[in-house]
Amino acid sequence: PGVPRHTNRLINEKSPYLLQHAHNPVDWKERLVPFSFLLLSLYPWGQEAFDKARKENKLIFLSVGYSTCHWCHVMEEESFKNKEIGEIMNKNFVCIKVDREERPDVDKVYMTFATSGGGGWPMSVWLTPDLKPFAGGTYFHPEDRVHRVGFRTVLLRIAEQWKENKDALLESSQKILEALLHLSEIRVQGQESPPPSKEVMATCFQQLSNSYDEDYGGFSKSPKFPTPVNLNFLFTYWALHRTTPEGAQALQMALHTLRMMAHGGIHDHIGQGFHRYSTDQHWHVPHFEKMLYDQGQLAAMYSRAFQISGDEFFADIAQDILLYVSRDLSDQAGGFYSAEDADSYPTAASGEKREGAFCVWAAEEIRALLPDPVEGATEGTTLGDVFMHHYGVKENGNVSPMQDPHQELKGKNVLIVRCSPELTAAQFGLEPGRLGALLREGRRRLSAARAQRPRPHLDTKMLAAWNGLMISGFAQAGAALAEQEYVSRAAQAAAFLRRHLFDPTSGRLLRSCYRGKDNTVEQSAVPIQGFLEDYVFVIQALFDLYEASLEQGWLEWALQLQHMQDKLFWDPKGFAYFSSEADDPSLLLRLKNDQDGAEPTANSVTVTNLLRAACYSGHMEWVEKAGQILAAFSERLQKIPITLPEMARATAVFHHTLKQVVICGDPQGEDTKEMLRCVHSIFSPNKVLMLADGDSAGFLYRQLPFLASLERKDGKATAYLCSNFACSLPVTSPQELRGMLCP
């Protein structure tokens, strides 16, 4: 592309999403830049935009999205790049653009309003000059359609209403705000105590099994999302009910879902990793964007599935995810990027992007890439025949028109495993043992061909929270799969967070940093302070990394961050943590999110974090806080725990009391390593691991004086199982330890 015709204030931002809109003819507000072209006044969220709205008595149009959002791109092309619509927006509104991944607090406040009519992104909300919402929606087509008014009409009608009925709009916005304040309040009612875990777990399991798809796995018909929080709940339910039919059913539901996802088109069989979600019941045709938070959580789930089942299939998929992240989402400084887009140019000569273009295949492309005859197969069989049969490739494409409303995938194929290896081998008269190598060769050649295509946009923003989820993925996989390189990668990323997303002077986390020019790591002029989810996911990551590496420095930092989290976000009156700090006057609400979605909500994860923190520090007030969070969410946990499966899981951990597995031994000793491998090979949701290395001046011994009384038996590495700092008799063999951990 040549020199852009328009440039607005967003050109000064760091967010890849805001920079995508820096050349819209809408002035999304920041500082003016020296271009004489029409300017669409786009502002970032901040005081300059608010002051302008109040000074000029203008309404605010707030547009919230993210850089890999397909419909955000569509609305930009259709409306924000439209000169006439840009003029209407500039004349009547102060236009503000927000990257929801940078500012989840702003996104959540206005999504709470917008979801009353069904939420999603791009989120389009109109605000009074004092930031109160009164109208909203998601994607708008630019022109009127049969059943829906277009964006141009909506803009003109709202501008007219502001001129003619300003007082009514202001009154309406005040009533809406009062309703939102009432609806969003989560607090302990009276002397409420944590709900009984047995009932919460049983209800959550029943609700999940009622929504479970027995044929294809997952928990809805379509669209179908990975929902790692559901799988994590089911693994914990199994671990606590191993000998019951319900326990066996929970495990089967989780493993079948993971297996069907891995076979499906939601799994990128050529480039590794997982796409965002499936548009159909069969996990076949995905929405093609790839998000870091999915990769981190799914790597942990597949590692857990391997830990429980011993099936190498799940270990292979965990390694597949971590290969993708290491290769395509890793910054050279150690951090992890946020996402890859769904849309890309089909060829270097293409004029417009298409969803999935980077990932889909025409049958003739595959035939041309895999023409080799296959020895030992039925006569005339080529590598292409075998590959296409196994991955469900059809001559005219395998995507149903129902899954392709814009005909972007017409004649194309999304690879999906349609047969077992045994059936594919039998189809072509092959020895079953030969098929794996043939399919690997096919995937290798398609990968090389795909590398020649234009890549999708990469969002190189690095977020503390999502990096935390990915560190947990690497650390848990490293421990469960006994792969030290994964633990090292997790440690590298944690060191990156400490270097670039932590202020040692204040002791606070920052939300985001960015890949800048010459691949350096850059920070915005006014750094965004960390939100609750940043603290919670990073603390969880540091505990996971300690258990995988036994480096006490990570533990020490985790406990420091937990103290800071308490100080910044705890609600001493209603209990639980607010999602954002108290000192931002631009936020109308301080919310406590109450739903585990694509990511678990922060209060859900922090319950287990607090219990782990208490085990490592002896600070029992953290156990009390964990109970107070469960009490604050008690009504929801008892009625609809399916909306909070991670918190439902945490109720069981709370009531069962975490067991401290203490290994006394020399960290370099083979007997110590053998005991640690034993612990890492077992999935037990209510244990924490610690190494007592005999260094009485070390951090753990200073925190936990009882460790000094634990000794090595006969000079060997010795394990103790402790609860509330009282310990079992010592054992010195992995077999005995396994017996204690799996009673």
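**Note on the predicted model: sheets, cores and loops**

1. In the predicted model, V662 stands opposite M690 in strand β20. K659 is placed opposite K687, also in β20. Strands here are DSSP runs of E, at least two residues long, and helices are runs of H or I, at least four residues long; both are numbered from the N terminus. Strand β19 (residues 659-664) and β20 (residues 687-692) run parallel and share 6 bridges. Two strands count as paired if DSSP finds at least two bridges between them.

2. Some ground rules. Residues are numbered from 1 along each chain as its sequence is written, and side-chain values use heavy atoms, with hydrogens and water left out. Because this is a predicted model, local features need pLDDT of at least 70 and side-chain atom pairs count only at pLDDT 80 or more, while totals for chains, interfaces and linings use all residues.

3. Confidence comes next. The pLDDT is the predictor's confidence in each residue, from 0 to 100. The protein chain averages 93, and 97% of the residues score at least 70. Residues 30-39 fall below 50; this stretch still has 33 contacts in the model beyond near neighbours in sequence. A contact means heavy atoms within 4.5 Å.

4. Back to β19. On its antiparallel side, 6 bridges join β19 to strand β21 (residues 718-723). There, V662 has Y720 as its bridge partner. The full sheet is open and has 4 strands, ordered β20-β19-β21-β22, with mixed pairing. β20 and β22 (726-727) are the edge strands, each with a single partner, so one side of each has no neighbour in the sheet.

5. How much of β19 is buried? The strand is mostly covered, with 5 of its 6 residues buried. Buried means under 20% relative accessible area, exposed over 50%, and partly exposed in between (1.4 Å probe, protein chains only). Helix α25 (residues 670-680) joins β19 and β20 in a right-handed β-α-β unit. Right-handed means that, with the strands pointing away from the viewer, the path from the first strand over the helix to the second runs clockwise.

6. The largest nonpolar core has 156 residues; F235, Y302, I663 and L737 touch the most other members. Helix α19 (residues 532-549) gives the most to this core, with 12 residues. Apart from this core lies another of 57 residues, including W45, A159, L169 and L180. A nonpolar core is a set of buried Ala, Val, Leu, Ile, Met, Phe, Trp, Tyr and Cys residues joined through side-chain atoms within 4.5 Å.

7. L737 is worth a look. Not counting residues up to four places away in sequence, L737 touches V661, I663, M675, C678, V679, A719 and V731.

8. Helix α11 makes a simple geometry check. At 1.5 Å a residue, the 18 residues of α11 (residues 292-309) should span 26 Å, and the end C-alpha atoms are 26 Å apart, which agrees. The expected span is 1.5 Å times one less than the number of residues. 17 of the 18 residues are buried, so α11 is largely enclosed by the rest of the structure. G310, just after α11, has a positive phi of about 75°.

9. There is also an open sheet of 3 strands, in the order β14-β17-β18, paired antiparallel. β14 (461-463) and β18 (521-522) are the edge strands, each with a single partner, so one side of each is left without a neighbour in the sheet. β14 is joined to β17 by 3 bridges, where L463 has S512 as its partner.

10. Between β17 (residues 512-515) and β18 there are 2 bridges. Y514 has E522 as its bridge partner, and R515 has V521. The two strands form a hairpin with 5 residues between them; D518 in the turn takes a positive phi of about 60°.

11. Is R511 buried or exposed? R511 sits in the loop between β16 (508-509) and β17. R511 is buried, at 1% relative accessible area. R511 and K175 are 336 residues apart along the chain, and their C-alpha atoms are separated by 32 Å.

12. One more loop residue. T643 lies between α23 (634-639) and α24 (645-656). T643 is buried, with a relative accessible area of 14%. Leaving aside neighbours within four places in sequence, T643 contacts D594, Q595, D596 and R636. T643 and D331 are 312 residues apart in sequence and 34 Å apart in space, C-alpha to C-alpha.
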